[in-house]
Amino acid sequence: MSLSLILPEPGVTALLNSWPDEPCVYEREAGALDRVITAEGVDHYIDTGCVPADEIAVVSDGAALHPDRHRTAGRTYPAKLRRLYEDGHTIRLGNLQRVVPFLADVSRGIQRGTGYSNYSHAFVTSPGRQGLLHHWDQQMAVIVQIVGTKRWQLWRPMFPSPRGWVHNLMRSARRSAAST
């Protein structure tokens, strides 16, 4: 199963059996994911401009830069992107499952196994820098640190199930719209 590419067996079992009610950290052995998705490969995506411009975000100290800082005429401009990274910005390459066949296969496998849609982003941050500030996601996140070191601060979820919370909020909004 595709989840086993990003989690060790105890993590796969735990995730498939219940919604996590607290952060979980697992050590995993390097495998196929690490052989296919490498720092060099991600650098190559930055330097070739193969990731669609709309799927790239550049962040520094919690603030996102205007997309024109890494685009020219609406297209990714690799030299600008590389310069921003070298100046200490974090580069987020979004929805890589749309442009990397291996990640497309992994994503489809996870969806088949769990019933939930998913996506793959890569974050590249210069050593000693911080791109994103403290935040929380409105969905469960499985984060795989492939290269380097990072200090992760994890907290208990703010809601019993972010997916359920967002789903209930959307259902409530649809009911309100239907009754008006």
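Which residue lies over the face of Tyr77?

## A charge over a ring

Lys80 lies over the face of Tyr77, and its distance from the ring centre is 5.3 Å. This comes from a predicted model. As for pairs of aromatic rings, a search of the whole structure turns up zero.

## Overall make-up

The protein chain holds six helices and six strands. Read from the N terminus, the elements follow the order α-α-α-β-β-β-β-α-β-α-β-α.

The chain has 180 residues, of which 28% count as buried. Its exposed area is about 12000 Å², and carbon and sulfur atoms supply 53% of that area. Among contacts with a separation of 6 or more, 67% are between residues 24 or more positions apart.

## The sheet

Four strands form an open sheet in the order β2-β1-β5-β6, and their pairing is antiparallel. Strands β2 (63-64) and β6 are the edge strands, each pairing on one side only. In general, strands of a sheet pair through backbone hydrogen bonds, in either a parallel or an antiparallel sense.

Strand β1 (residues 56-60) is joined to strand β5 (residues 90-93) by four bridges in the antiparallel sense. Here Val59 stands opposite Thr90 of β5. Strand β5 also runs antiparallel to strand β6 (residues 122-124), with three bridges between them. Two bridge partners can be named for this pair: Leu93 is matched with Ala122 in β6, and Ile91 is matched with Val124 in β6.

## Helix α4 and its buried face

Which residues of helix α4 are buried? In this helix, which spans residues 78-86, they are Leu81, Arg82, Leu84 and Tyr85. Viewed down the axis of α4, these buried residues fall within an arc of 160°, so they line one face of the helix.

What do the buried residues of α4 pack against? Their partners are the helix α3 (39-48) and the strands β1, β4 (75-76), β5 and β6. Of these strands, β1, β5 and β6 belong to the open sheet of four strands. Thus the buried residues of α4, which include Arg82, pack against β1, β5 and β6 of that sheet as well as against α3 and β4.

After α4 comes Gly88, which has a positive phi near 100°.

Methods: Residues numbered from 1 in each chain as written. Predicted model: local features only at pLDDT ≥ 70, side-chain atom pairs only at ≥ 80, totals over all residues. Heavy atoms only, no water. Buried < 20%, exposed > 50% of the residue type's maximum accessible area, 1.4 Å probe, protein only. Contact = heavy atoms within 4.5 Å. Areas by Shrake-Rupley, 256 points an atom, 1.4 Å probe, with all protein chains shown as cover. Phe/Tyr/Trp six-rings, centres within 6.5 Å; stacked < 30°, edge-to-face > 60°. Lys NZ or Arg CZ within 6 Å of the ring centre and 35° of its normal. Pairing = 2+ DSSP bridges. Arc of directions from axis to C-beta.
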